[in-house]
Amino acid sequence: MGLTFRRLADPLQARQMLRMKEKVHQIMSDRGGIFAGDNPFDIARLWLADAEQSEPNDPNAIALSTVDVHGMPNARMVLLKEIEANAFLFYTNYQSQKAQELDQASKAAFVVHWKSLRRQIRVRGVIEMEEGEKADAYYASRSLKSRLGAWASAQSRPLSSRASLMAEVAKITAQMGPNPDRPPFWGGYRLTPVEIEFWADGAFRLHDRFRWTRNGPQGTWTTNRLNP
Ligand SMILES: Cc1cc2nc3c(=O)[nH]c(=O)nc-3n(C[C@H](O)[C@H](O)[C@H](O)COP(=O)(O)O)c2cc1C
C-alpha cells in the first residue's frame, strides 16, 4: 500500500505507470485491421480513400450537425474538403443558417456513412473559421460557375423564384467577370475533434466500434472499444 502511494507521488514514476496502463489498454482493446493505427486522422483518410473506390457519388459527403440558440438540433449534408493533420475542413456561406449556428455554439458534430463499405465515422469537436489563404485557394480551384453561384446565392434565406436566382447569377457574371474574388461571406470552417468514433458493420448486428477521445483539441488520444 505504502509503496504504491510513494510510487504515485513521484511524478516521473506516475507518468511511466500511466504510459504502461495506456499500452496495456491498447493491447487489451485488440484494435487491428481497418481500425489499426495511432493517428485517427490517418485512419479517417484511409477509410475515405476506400470510399472513393466504392461509393457511386460524393464519398466525402458528411451530415453536419449543429444546434441553434434554443438548443434545437439541425443537420444537413456538406462536403468534407480536407482532412488536415488535426482537423476536418468544409466550406459554406457565412450567412447561412448553419454558419449562424456554428458561430454561436463554436461546436459541431458530423457523421458519414458509407453504404458500400458498411462503415461509419462520427466526429464531435470545436469550430473555427478558415477564411485565409486556404479558403482563397479552394475558392479559386472551383469552376467559374460555382464561384459565381457562391456570390449569387443568399444561402438559407427565402427566394421568390428560380428565375430571380438566375437573374442574380447573370448580374453577378456581368459584374465580376471571369476571375471573381472569394466573397467575404463565403469560406471554410475547421472542425477540430475531441471525439472520433470508427464503426464497422459486424455479423448479427455485433458491430465493431472504437472511440477516440481527448481532453481538448491538442490533447492526447485515448481509445476504447465500445459495445455495438
Ligand atoms: C451531397 C451534398 C453536399 C453538399 N455540400 C455542401 C457544402 O459543401 N457546402 C454547403 O454550404 N452546402 C452543401 N450542401 C447543401 C446543404 O446540405 C444545405 O442545403 C445548405 O448548405 C444550406 O444549409 P443551412 O440552411 O443549414 O445553412 C450539400 C448538399 C448535399 C446533398
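Student: In which sense do β3 and strand β6 pair, and over how many bridges?

Tutor: Two strands count as paired when DSSP finds at least two bridges between them. In this predicted model, β3 and β6 (residues 186-200) pair in the antiparallel sense, with six bridges. One can follow the register through individual residues: tyrosine 91 has glycine 188 in β6 as its bridge partner.

Student: Which way do strand β5 and β6 run, and how many bridges join them?

Tutor: Strand β5 (residues 119-130) runs antiparallel to β6, and 12 bridges join the two. Here the bridge partner of glycine 125 is proline 193 in β6.

Student: What is the pairing between β6 and strand β7?

Tutor: β6 and β7 (residues 208-213) are also antiparallel, over six bridges. Glutamate 197 stands opposite arginine 211 of β7.

Student: Which residues come nearest to the ligand?

Tutor: A shell is read from the residues around the molecule; here there are 15, of which Met77, Thr92, Ser96, Lys98 and Ser156 come nearest. The elements that contribute two or more residues to this shell are β2 (73-83), β3 (88-93) and α4 (97-105).

Student: How many residues of each class does the shell around the ligand have?

Tutor: The shell comprises six nonpolar, six polar and three charged residues. In the class scheme applied, Gly is counted as polar.

Student: How should the chain as a whole be read, and what share of its residues count as buried?

Tutor: A residue is buried if 20 or more other C-beta atoms lie within 10 Å of its own. By that criterion, 18% of the 228 residues are buried. The chain has seven helices and eight strands. Of the contacts between residues at least 6 apart in sequence, 58% join residues at least 24 apart.

Notes. Residues are numbered from 1 along each chain as its sequence is written. This is a predicted model: local features need pLDDT of at least 70, side-chain atom pairs count only at pLDDT 80 or more; totals for chains, interfaces and linings use all residues. A residue is near a molecule or strand if its C-beta atom, placed from the backbone, lies within 6 Å of it. Helices (H or I, at least four residues) and strands (E, at least two) are DSSP runs, numbered from the N terminus. A residue is buried if 20 or more other C-beta atoms lie within 10 Å of its own, exposed if 12 or fewer, and partly exposed in between; C-beta atoms are placed from the backbone. Two residues are in contact if their C-beta atoms, placed from the backbone, lie within 7 Å.
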